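Student: Hi! Could you walk me through this structure?

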Amino acid sequence: MSAAVDYRTDYKKRMARNEEKIDVVLRFLRDEYCTSAEIVAQLLGVEAIQPVYRFLNKMTDKGFLRHHNFMIEGRSVRLWGLTPHGVAFSCADDEAL
C-alpha cells in the first residue's frame, strides 16, 4: 500500500509538482495557441476553478503567459496564450525551438 503524498508539508515535492504543472500547460499551449481556465482545470485534473486562476496569474507574472478578455455571446471570457518567453520554456533542453 503506497502512502499519499502530502504536498502541504513537503516543500520539495510541492515545488516539483508545480514545475510539472507549468510544463504541462506550456506544452499544451505550444500546440493549442490559447486556452481558458476551465480547460486548464480539466488538463490538470483540478475541480475548483479559483486555484487555476491563481496558477495562471502566477504564470503571467513570471512572463510565460499573457491574457486577453473577449466578449463572446455577451459574456466576457479570458483566454491565455504563450509569450515568446513561454515558448522558450515550453521546449525541453534537447528540443529545438
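Tutor: Happy to; we'll talk about the sheet, one strand residue and the nonpolar core. Bear in mind that this is a predicted model.

Student: Great, what order do the strands of the sheet have?

Tutor: The sheet is open, and its three strands run in the order β1-β3-β2 with antiparallel pairing. At the edges sit β1, residues 34-35, and β2, residues 65-72, each of which pairs on one side only.

Student: And how many bridges are there between β1 and β3?

Tutor: Two bridges, in the antiparallel sense, with β3 covering residues 75-82.

Student: Let's look at T35. Which strand is that in, and what stands opposite?

Tutor: T35 belongs to strand β1, and the residue opposite is W80 in β3.

Student: Is T35 buried or exposed?

Tutor: Buried: T35 has a relative accessible area of 2%, and the cut-off for buried is under 20%.

Student: What does T35 touch, then?

Tutor: Leaving out neighbours within four places in sequence, T35 contacts F28, L29, V40, R78, L79 and W80.

Student: New topic: how many residues are in the largest nonpolar core?

Tutor: That core has 16 residues, and V25, L26, L56, M59 and L65 have the most contacts inside it.

Student: Which elements supply at least two residues of it each?

Tutor: Those would be α1 (11-32), α2 (37-44), α3 (50-61) and β3.

Student: You mentioned L65. What does L65 touch?

Tutor: Not counting residues up to four places away in sequence, L65 touches L26, L29, L56, M59, T60, W80, G81, L82 and T83. W80 also turns up among the contacts of T35.

Definitions and conventions: Residues numbered from 1 in each chain as written. Predicted model: local features only at pLDDT ≥ 70, side-chain atom pairs only at ≥ 80, totals over all residues. Heavy atoms only, no water. Pairing = 2+ DSSP bridges. Helix = DSSP H or I, 4+ residues; strand = E, 2+ residues; numbered from the N terminus. Core = buried A, V, L, I, M, F, W, Y, C linked by side-chain atoms within 4.5 Å. Buried < 20%, exposed > 50% of the residue type's maximum accessible area, 1.4 Å probe, protein only. Contact = heavy atoms within 4.5 Å.
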